[in-house]
Amino acid sequence: MLGRLNHVALAVPDLAAATAAYRDLLGARLSAPQALPEHGVTVVFVDVGNTKIELLEPLGDASPIAAFLEKNPSGGMHHVCYEVDDILAARDHLKAGGARVLGDGNPKTGAHGKPVLFLHPKDFFGTLVELEQA
Ligand SMILES: CC[C@@H](C(=O)O)C(=O)SCCNC(=O)CCNC(=O)[C@H](O)C(C)(C)COP(=O)(O)OP(=O)(O)OC[C@H]1O[C@@H](n2cnc3c(N)ncnc32)[C@H](O)[C@@H]1OP(=O)(O)O
Ligand SMILES: [Co+2]
């Protein structure tokens, strides 16, 4: 079921500062900022060749990353995203196995225009997991 690592996401308090550090200090190639109100975040992707780093800044009053940044004010690793061939089959398999699928259980369209779902971090050893349709 589990496919490639699509991205590792970092929640950051200041996207402009994080973007500048990745571009100017690390010499990274970055996407343009993309505001995703449905997800409550603004995102920049860093291309590191074998995968991507997703820099996330809260957007709006009900951002799902707001509480995480309150606990980790300097930012930190927020989630890992794995690709799956069939996200609905993966969801049903995970639910049958007792994993908690977040939200209403229906995939949303993610930053790459593909369906995504999130799995509760307490069910995966303290790491929030995102699944993206390959
Ligand atoms: C850009 C679009 C898309 C893409 O295509 O890539 C994205 O990546 S969007 C990214 C942002 N969206 C999401 O994160 C959606 C899913 N997240 C959620 O539903 C919530 O954030 C959450 C995971 C349910 C957490 O909710 P929250 O209200 O912040 O906290 P809780 O009090 O409910 O947390 C319970 C428990 O879990 C710990 N926790 C919270 N977040 C994380 C995390 N990212 N990694 C590890 N652990 C996390 C939290 O600390 C609590 O633990 P205790 O304190 O021990 O109870
Ligand atoms: Co993500």
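**Helix faces, nonpolar cores and the ligand shell in a predicted model**

P73 is exposed, with 8 other C-beta atoms within 10 Å; here a residue is exposed if 12 or fewer other C-beta atoms lie within 10 Å of its own, buried if 20 or more do, and partly exposed in between, with C-beta atoms placed from the backbone. The residue sits in the loop between α2 and β6. Helices (H or I, at least four residues) and strands (E, at least two) are DSSP runs, numbered from the N terminus. The C-alpha atom of P73 is separated by 22 Å from that of L26, and the two residues are 47 residues apart along the chain.

The structure is a predicted model, in which local features need pLDDT of at least 70 and side-chain atom pairs count only at pLDDT 80 or more, while totals for chains, interfaces and linings use all residues. Residues are numbered from 1 along each chain as its sequence is written, and chains are lettered from A and ligands numbered from 1 in the order in which they are written.

An unreviewed UniProt entry lists residues 4–134 as "domain: VOC"; UniProt positions are given in the numbering used here, feature names are shortened, and annotations may be inferred rather than shown by experiment. Over residues 4–134 the chain is 21% helix and 37% strand, and the C-alpha atoms at the two ends are 9 Å apart.

In helix α1 (residues 15–25), the buried residues are A18, T19 and Y22. Viewed down the axis of α1, these buried residues fall within an arc of 100°, so they line one face of the helix; the arc is that of the directions from the helix axis to the C-beta atoms. A16, A17, A20, D24 and L25 are exposed on the other side of α1. The cover over the buried residues of α1 includes β2 (29–30), β4 (41–47) and β5 (52–58). D24, a residue of helix α1, is exposed with 9 other C-beta atoms within 10 Å. Between D24 and K71, 47 residues apart in sequence, the C-alpha to C-alpha distance is 28 Å. Just after α1, G27 adopts a positive phi of about 65°.

Helix α3 (residues 87–96) has A90, R91 and L94 as its buried residues. These cover an arc of only 100° around the axis, which puts them on the same side of α3. On the other side of α3, A89 and A96 are exposed. β6, β8 and β9 are the strands against which the buried residues of α3 pack. G98, just after α3, has a positive phi of about 95°.

The largest nonpolar core contains 15 residues, of which V12, V43, L55 and L56 touch the most other members. A nonpolar core is a set of buried Ala, Val, Leu, Ile, Met, Phe, Trp, Tyr and Cys residues joined through C-beta atoms within 7 Å. β1 (2–11), α1, β4 and β5 each supply at least two residues of this core, and the largest share, 5 residues, comes from β4. Apart from this core lies another, of 9 residues, among them V84, A90, L117 and L131. With neighbours within four places in sequence left aside, V43 is in contact (C-beta atoms, placed from the backbone, within 7 Å) with Q34, L36, E54, L55, L56 and A111.

Ligand 1 is surrounded by 26 residues, the closest being P64, A67, G110, A111 and P121. A residue is near a molecule if its C-beta atom, placed from the backbone, lies within 6 Å of it. At least two residues of this shell come from each of β4, β5, α2 (66–71), β6 (76–84), β8 (115–119) and β9 (128–133). By residue class, the shell divides into 16 nonpolar, 6 polar and 4 charged; Ala, Val, Leu, Ile, Met, Phe, Trp, Tyr, Cys and Pro count as nonpolar, Asp, Glu, Lys and Arg as charged, and the others, Gly among them, as polar.

Two further loop residues may be described. H112 is placed in the loop between β7 (108–109) and β8 and counts as partly exposed, with 15 C-beta neighbours inside 10 Å. The C-alpha atoms of H112 and E132 are separated by 8.9 Å, with the residues 20 residues apart along the chain. F125 lies in the loop between β8 and β9 and is exposed, with 7 other C-beta atoms within 10 Å. Phi of F125 is near 65°, a positive value in a residue other than glycine.

Technical notes. Two residues are in contact if their C-beta atoms, placed from the backbone, lie within 7 Å.
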